[in-house]
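Here is a short tour for anyone who likes to see how strands, helices and side chains fit together. Have the model open while you read.

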Amino acid sequence: MESIDAASEVRHWTAEVNGVSLHVAEQGAAAGPAVLLLHGFPELWLSWRHQMAALAARGFRALAPDLRGYGDSSAPADPAAYTILHVVGDAVALLDHLSVPKVFVVGHDVGAQVAWHLSLLRPDRVRAVVALGVPYFPRAPSPATELFAAYGDGFYITQFQEPGRAEKAFARYDVATVLKKFYSLELDLLAAPPGVEVIDFFEASPSPLPWMTDEELGQYADKFRKSGFTGPLNYYRMLDTYINSITSFHALCSA
């Protein structure tokens, strides 16, 4: 039987699933009801550190992977490896690896999109969904990138489409500053004026963030310094598959 101290500690391990290596942080008794925590952009498993402790204290098993392309998980070079089918496939393969039949799934930002699609494509594996920051979007009549183009070239998703563009702009700043710029955002529309890159337009708070210590920001920066931003940006380059995934899934099943 697992000791109380062991169950309360964060355990780190790696799983070879769905063609990638996923780093997973786990906290809580292995026999407890499983909660799968899916982070957003630009984040890591570490975003769930407080929720993991709270869940573990209440008898749940918290599982927080670094999504493919992030942190200590592997990062395929091809943008086409970041479709919603790939990322949902990672989640299902992780559950299979653990022999966990069903989970509560919690997602934030990009992770919320994954949570929604996991429940759509594999409802047999989901107990309930908690989505933070991103509501459910049904399949759009047009590709999402076409819809977002109406906001102009300054819109962050539009700027993220071109391979290398955002990476080059980000490289003008140290990694901690890039992250703090995103974590400090309080804009209604994440768009820069014409001719300006969004990372130049975004401002980093001059003060420490109220919900993150400088030491914690440094932990994020260390990981992104090693992994880079291309993997995380590739999710946006495959965004149309997130909005049109049901059609893609049926096409894949009938092929």
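The points below cover the sheet, one of its strands, the nonpolar core and some ring contacts.

Please keep in mind that this is a predicted model. An open sheet of six strands with mixed pairing is a good place to begin, and the largest nonpolar core, with 76 residues, comes after that.

**The sheet**

- The strand order is β1-β2-β4-β3-β5-β6.
- At the edges lie β1 (11–17) and β6 (126–132), each of which pairs on one side only.
- From one strand to the next, the twist averages 25 degrees.

**Strand β2 and its neighbours**

- On one side, β2 is joined to β1 by seven bridges, and these two strands run antiparallel.
- Within that pairing, Arg11 stands opposite Glu26 of β2.
- The hairpin of β1 and β2 has two residues between the strands, and Asn18 takes a positive phi near 55 degrees there.
- Strand β2 (residues 20–27) is also antiparallel to β4 (residues 61–65), with four bridges between them.
- Two of the facing positions are easy to find: Ala25 stands opposite Ala64 in β4, and Val24 has Pro65 as its bridge partner in β4.
- Helix α2 (residues 49–57) lies across β2, β3 (34–38) and β4, at about 55 degrees to β2.

**How covered is β2?**

- Eight of the eight residues in β2 are buried.
- One face carries Val20, Leu22, Val24 and Glu26, while the other carries Ser21, His23, Ala25 and Gln27, and all of them are buried.

**The nonpolar core**

- Which members of the largest nonpolar core touch the most other members? They are Leu36, Leu37, Phe160, Phe170, Leu179 and Phe182.
- Helix α3 (residues 84–98) gives the most to this core, contributing nine residues.
- Leaving aside residues up to four places away in sequence, Leu36 touches Leu63, Pro65, Ala91, Leu94, Val103, Phe104, Val105, Val106 and Leu118.

**Rings and a charge**

- The model has 22 aromatic pairs.
- One of these is formed by Phe155 and Tyr156, with 5.0 Å centre to centre and 70 degrees between the planes.
- That pair counts as edge-to-face because its planes are over 60 degrees apart.
- Phe155 is buried, at 6% relative accessible area, and Tyr156 is buried as well, at 15%.
- Elsewhere, Lys181 places its charged end over the ring of Tyr173, 4.6 Å from the ring centre.

Conventions: Residues numbered from 1 in each chain as written. Predicted model: local features only at pLDDT ≥ 70, side-chain atom pairs only at ≥ 80, totals over all residues. Heavy atoms only, no water. Phe/Tyr/Trp six-rings, centres within 6.5 Å; stacked < 30°, edge-to-face > 60°. Buried < 20%, exposed > 50% of the residue type's maximum accessible area, 1.4 Å probe, protein only. Lys NZ or Arg CZ within 6 Å of the ring centre and 35° of its normal. Core = buried A, V, L, I, M, F, W, Y, C linked by side-chain atoms within 4.5 Å. Contact = heavy atoms within 4.5 Å. Pairing = 2+ DSSP bridges. Axes fitted to C-alpha atoms, helices over the stretch in contact; angles between N-to-C directions.
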